[in-house]
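Please examine the sequence and the structure shown here before reading the report.

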Amino acid sequence: MQERPFDLLNKAIGQQVLIRLKNGTDIRGKMTAFDIHMNIVLDSAEEHEDGNLKTKIGTILLRGGNILWVAPA
Amino acid sequence: MQERPFDLLNKAIGQQVLIRLKNGTDIRGKMTAFDIHMNIVLDSAEEHEDGNLKTKIGTILLRGGNILWVAPA
Amino acid sequence: MQERPFDLLNKAIGQQVLIRLKNGTDIRGKMTAFDIHMNIVLDSAEEHEDGNLKTKIGTILLRGGNILWVAPA
Amino acid sequence: MQERPFDLLNKAIGQQVLIRLKNGTDIRGKMTAFDIHMNIVLDSAEEHEDGNLKTKIGTILLRGGNILWVAPA
Amino acid sequence: MQERPFDLLNKAIGQQVLIRLKNGTDIRGKMTAFDIHMNIVLDSAEEHEDGNLKTKIGTILLRGGNILWVAPA
Amino acid sequence: MQERPFDLLNKAIGQQVLIRLKNGTDIRGKMTAFDIHMNIVLDSAEEHEDGNLKTKIGTILLRGGNILWVAPA
Amino acid sequence: MQERPFDLLNKAIGQQVLIRLKNGTDIRGKMTAFDIHMNIVLDSAEEHEDGNLKTKIGTILLRGGNILWVAPA
C-alpha cells in the first residue's frame, strides 16, 4: 500500500525532529504527540536561528498552521 | 495510549505558560481556560519583548489563530 | 466545572475592555455584544496607539478575525 | 434579550457608516445591504486616507474578509 | 424586500466595473460572470495603476479571495 | 443561460494561458487540467518576470490558493 | 477522460520533483507520498536558493498550504 504523509509523523514519535516554521525559525526536539491538524508536541525543544541554538524551551506545543515542514533529524 | 497535543494544555491548567504569538510577542501568565480552537485565557498575563517585561495586562483572552506555540514555563 | 474562554466575554458585557488588533492598534470601549466568531461591538470606542488616544470612534463592530486578544480593562 | 453584533449592521441600513479596511483605507458611504459574511454595499462611497477624501467611488461592494471594523458615522 | 450584496453583481452583468485587488491593483472591464465565491470574469479587462492604464489583458478570471471591492464604473 | 466563471477554464483546456500569482510572478503555458479549487496544470510552463522569460519549468501543478487571475493568452 | 491536477502527483510518485514554496524557497527530492491537502513527503530532500544547494535535509514532510507549485524535475 502506498504511504501517506502522516505515516512519517507516526514513525517519528519518540525521535528527534527538526521543524521549520513559516517565520523562518527552526525548532528541534523529541516528538511526543501530533494530531490531524499537524499540531505537534516536542520534549526538550530548542529554538535555532541560522543553525545556532537561540533558546532552550523545554516542552512545547506547536500549532500546525505555522509549520512549513517537518524532518526527522 | 499515545498522547494527543491538547493533553499538554489540559495539564497546564492552573500553571504558568509562555505563549509566543505570530507577531513575535511573548505573553506569560497562568492558564485558566482553553477550547478546541486553542483560544486561551491567562490570569496575571504579561507582555514580554526580547525577554523583558513590556506591559502587565491582567486577565486576557488570546485568539488561537494568532498563537505560534505554547510552553509550560 | 472548568471555565471556557468565551466565559470571559460573557462576564465582560457592559464592562470596559481593551482589544489589541492584529495590526497593532488598540481599541478601548464598553462591550455590548459578541458572537461565536468573536465579532465584538463596543460603545464609546477609542483607538489608541502606543498608549495615546488617537481617535474617538463611538459605536464600533470589530471583526473577530482581526483580534489578537481581549482584556477586561 | 442580549444584542448580537449584526444587530448594529441591521440598524445601520440607510445610514452613513465608516468602514476601516485591513489595508488601512477608510471607506465612507450609506449602507444599503450586507450579508452573513459581512459583505457590505455602500452608496455614495468615498475612499479616505489619513482623514482626507481621496476618491469618490459611488456604489461599492466590499468583501467582508477585508473589513477591520464598521462604525455608524 | 431588503437588497443583498450580490444583487449588485447581478445588476452589473454586461456593465463596466472597477475591481480593486488586495495588492492595490485596479482591474477594469465588462463583467460577464460571477459565482458565490465572488470569482469574476471580465471581458476587455485592463490593469490600471495609480489611475493609469498599465496592461490590456482581454478576458480574465479573477479569484474572489483577492478582491477588495467591486464598483460599477 | 448565464455563464459561470469556471466555464472560462473549461474553454481554455488545451490553450495557452497567462496566470498571475499572488507574489507577482507570471506563469505561461498550455492548460491541461484544473479542479474546483482552481488547482491548475500547465504544460511547457514558463516563469516570466516584468514581461521577460525567467525560467522554463515544463509541466507544473499550481495551487489554486496562490492564483490572482487567469487569462487566455 | 479529462485529466485532473492530482493525476500529476500520482504519476510523480518515485520521481524527482521541484517544489516552490510560498516564501520563495525551492525544495528538490524524490516524492514518496501526498494527500488531498497536497501535504507531500520527499526523500533525499535538498533546499535550494537562487538555484544553488543550501541545505541537505533528507526525508521531509511539507505542508500543502505552503506550496506554490510542484514540477516533475
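The report below treats the overall fold first, then individual positions, and then relations between chains.

## Overall architecture of chain A

The coordinates come from a predicted model. Chain A contains 1 helix and 5 strands. Along the sequence these elements follow the order α-β-β-β-β-β.

For a chain of 73 residues, a compact globule would have a radius of gyration near 11 Å, and the 12 Å of chain A agrees with that expectation. The C-alpha trace of chain A extends over about 40 × 20 × 20 Å along its principal axes. Among the contacts in chain A with a sequence separation of 6 or more, 35% involve residues 24 or more positions apart.

## Burial, surface and charge in chain A

Of the 73 residues in chain A, 52% are buried. The accessible surface of the chain amounts to about 3,400 Å², and carbon and sulfur atoms provide 46% of that area.

Chain A carries 9 positive and 9 negative charges. The mean positions of these two sets lie 2 Å apart.

## Helix 1 of chain B

Helix 1 of chain B covers residues 5–12, and 6 of its 8 residues are buried, so this helix is largely enclosed by the rest of the structure. The buried positions in the helix are P5(B), F6(B), D7(B), L8(B), L9(B) and A12(B). After the helix comes G14(B), which has a positive phi near 85°.

## Non-glycine residues with positive phi

M38(A) is not a glycine, yet it has a positive phi of about 70°. This residue sits in the loop that links strand 2 (26–34) with strand 3 (40–49) of chain A. M38(A) has a relative accessibility of 1% and therefore counts as buried, as the value is under 20%.

D50(B) likewise is not a glycine and has a positive phi, here of about 50°. Its position is the loop between strand 3 (40–49) and strand 4 (52–62) of chain B. Is D50(B) buried or exposed? With a relative accessibility of 75%, D50(B) counts as exposed, because the value is over 50%.

## Two asparagine positions

N66(D) belongs to the loop between strand 4 (52–62) and strand 5 (67–72) of chain D. A relative accessibility of 3% places N66(D) among the buried residues. Which residues does N66(D) touch, leaving aside those up to four places away in sequence? They are L21(D) and K22(D) in chain D, together with K22(E), I67(E) and L68(E) in chain E. In addition, a polar atom of the N66(D) side chain lies 2.9 Å from the backbone oxygen of I67(E).

N52(G) is part of strand 4 (residues 52–62) of chain G. Its relative accessible area is 51%, so N52(G) is exposed. N52(G) and D26(G) are separated by 26 residues in sequence, and their C-alpha atoms are 9.6 Å apart in space.

## Chains that do not touch chain A

Chain A makes no contact with chain E, and the nearest C-alpha atoms of the two chains are 19 Å apart. Chain A and chain F are also not joined by any contact. For chain A and chain F, the closest C-alpha atoms lie 15 Å apart.

Terms used
Residues are numbered from 1 along each chain as its sequence is written. Chains are lettered from A and ligands numbered from 1 in the order in which they are written. This is a predicted model: local features need pLDDT of at least 70, side-chain atom pairs count only at pLDDT 80 or more; totals for chains, interfaces and linings use all residues. Side-chain values use heavy atoms; hydrogens and water are left out. Helices (H or I, at least four residues) and strands (E, at least two) are DSSP runs, numbered from the N terminus. The radius of gyration is taken over C-alpha atoms; the globule rule is 2.2 Å times the number of residues to the power 0.38. Buried means under 20% relative accessible area, exposed over 50%, partly exposed in between (1.4 Å probe, protein chains only). Contact means heavy atoms within 4.5 Å. Accessible areas come from the Shrake-Rupley method with a 1.4 Å probe; for residues, only the protein chains shown count as cover. Lys and Arg count as positive and Asp and Glu as negative; His and the chain ends are not counted. The place of a charge is taken as NZ of Lys, CZ of Arg, CG of Asp or CD of Glu. A polar contact is a pair of N or O atoms within 3.5 Å; within protein, one must be able to donate a hydrogen and the other to accept it, and residues adjacent in sequence count only if both atoms are side-chain atoms.
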